[in-house]
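Student: I should be grateful for a close look at one part of this structure, followed outward to the parts connected with it. Please explain each step as you go.

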Amino acid sequence: MASVRIPEQKIILCGEYGVGKSSIFRRFATNTFTTATDRASTLGLDHFDKTFTANERDIKLQLWDTGGMERIASVTSSYYKFAEAAILVFALDNESSFHSLSQHMLECVTYAENAKIWLVGNKCDLESDNAEVTDSDISMFCEQCHGLISGVFKISCKTGEGIDEMFEHIAATLVEANRSRIELQALEQHGFKVDEYPEDNIESGCLC
């Protein structure tokens, strides 16, 4: 029996240094949390694959992390290339990390113009008095993005709150966005000859 080919989608983590991107990556890969005091230095791009099932379809999310290299300009083009989704991360207790998202959004639409974008606030486990970014701030940012934000989540890398739900939502959204491609791949698995994936069918979501 031929093995089933599972669609693979590249997901990138974007945001300022220290907002929790590597902690999200670690939760995704091993469901663990490492504090700043015992975290080993990570330098270099890293990625990890995990398969999700959404709407009765399997999809493999390949999550990429900058490994602390987000400030190196030469990383940009290779990091964003072929990304299907981007997670814009900020810290709820760090207002400057939120205001910097406009630049990261610009980079996403420039270097990964077809990527769907999620807005994610880390450290939701903190007391509300420590929050520097309000729901109103988040709503205003989304309005300024003119429909480019596919979802908004508040998470805690420390407790794991909201992380599974976030990736499940990303998986479901990408399954729907790529339904035609997935269905054509399923036909191939059943012995039908498919020479190519027509772009107009993929975008319209129909199998013609």
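Tutor: Helices, in the sense used here, are DSSP runs of H or I with at least four residues, and they are numbered from the N terminus. The model before you is predicted. Helix α1 spans residues 21–30, and Phe-28 is found in it. Buried means under 20% relative accessible area. Phe-28 has a relative accessible area of 2%, and therefore counts as buried.

From Phe-28 we can pass to a second phenylalanine, Phe-167. The two are 139 residues apart along the chain, yet their C-alpha atoms are separated by 8.5 Å. Phe-167 is one of the buried residues of helix α6, and α6 is the part that I propose to examine closely. This helix runs from residue 163 to residue 177, which makes 15 residues. From the first C-alpha to the last, α6 reaches 21 Å, close to the 21 Å expected at 1.5 Å a residue. Besides Phe-167, the buried residues of α6 are Ile-163, Met-166, Ile-170, Ala-171, Leu-174 and Val-175. Because these residues cover an arc of only 165° around the axis, they lie on the same side of α6.

Burial is also a feature of the strands. In strand β5 (residues 116–122), six of the seven residues are buried, so the rest of the structure largely encloses this strand. β5 has strand β4 (residues 83–91) as a parallel partner, with seven bridges between them. Within that pairing, Ile-87 has Trp-118 of β5 as its bridge partner. β5 also pairs in the parallel sense with strand β6 (residues 149–155), over six bridges. Here Leu-119 has Val-152 of β6 as its bridge partner.

β4 leads us on to strand β1, since six bridges join these two parallel strands. Lys-10 stands opposite Ala-83 in β4. β1 covers residues 8–15 and is mostly covered, with seven of its eight residues buried. It is also paired with strand β3 (residues 57–65), again in the parallel sense, over five bridges. In that pairing, Glu-8 stands opposite Lys-60 of β3.

Charged side chains add further links. Side chains of opposite charge can pair when their charged atoms come close. Two salt bridges are found in a search of the whole structure. One of them joins Asp-93 and Lys-123, whose closest N and O atoms are 3.6 Å apart. Asp-93 lies in the loop between β4 and α3, whereas Lys-123 lies in the loop between β5 and α5, so that this pair, 30 residues apart, links distant parts of the chain. Both residues are partly exposed, Asp-93 at 24% relative accessible area and Lys-123 at 29%.

The side chains of Asp-135 and Lys-154 also meet in a salt bridge, at 2.4 Å from N to O. Because Asp-135 belongs to helix α5 and Lys-154 to strand β6, this pair ties together parts that are 19 residues apart in sequence. Asp-135 is partly exposed at 47% relative accessibility, as is Lys-154 at 38%.

Finally, we come to a nonpolar part of the surface. Leu-106, Val-109 and Leu-148 make a nonpolar surface patch of about 230 Å². Leu-106 lies in helix α4 (residues 101–111). With a relative accessible area of 46%, Leu-106 is partly exposed, whereas Phe-28, where we began, is buried.

Notes. Residues are numbered from 1 along each chain as its sequence is written. This is a predicted model: local features need pLDDT of at least 70, side-chain atom pairs count only at pLDDT 80 or more; totals for chains, interfaces and linings use all residues. Side-chain values use heavy atoms; hydrogens and water are left out. The expected span of a helix is 1.5 Å times one less than its number of residues. Buried means under 20% relative accessible area, exposed over 50%, partly exposed in between (1.4 Å probe, protein chains only). The arc is that of the directions from the helix axis to the C-beta atoms. Patches are made of residues with over 30% relative accessible area and no salt bridge: like charges are joined within 9 Å, nonpolar side chains (Val, Leu, Ile, Met, Phe, Trp, Tyr) within 5 Å. Accessible areas come from the Shrake-Rupley method with a 1.4 Å probe; for residues, only the protein chains shown count as cover. A salt bridge is a side-chain nitrogen of Lys or Arg within 4 Å of a carboxyl oxygen of Asp or Glu. Two strands pair if DSSP finds at least two bridges between them.
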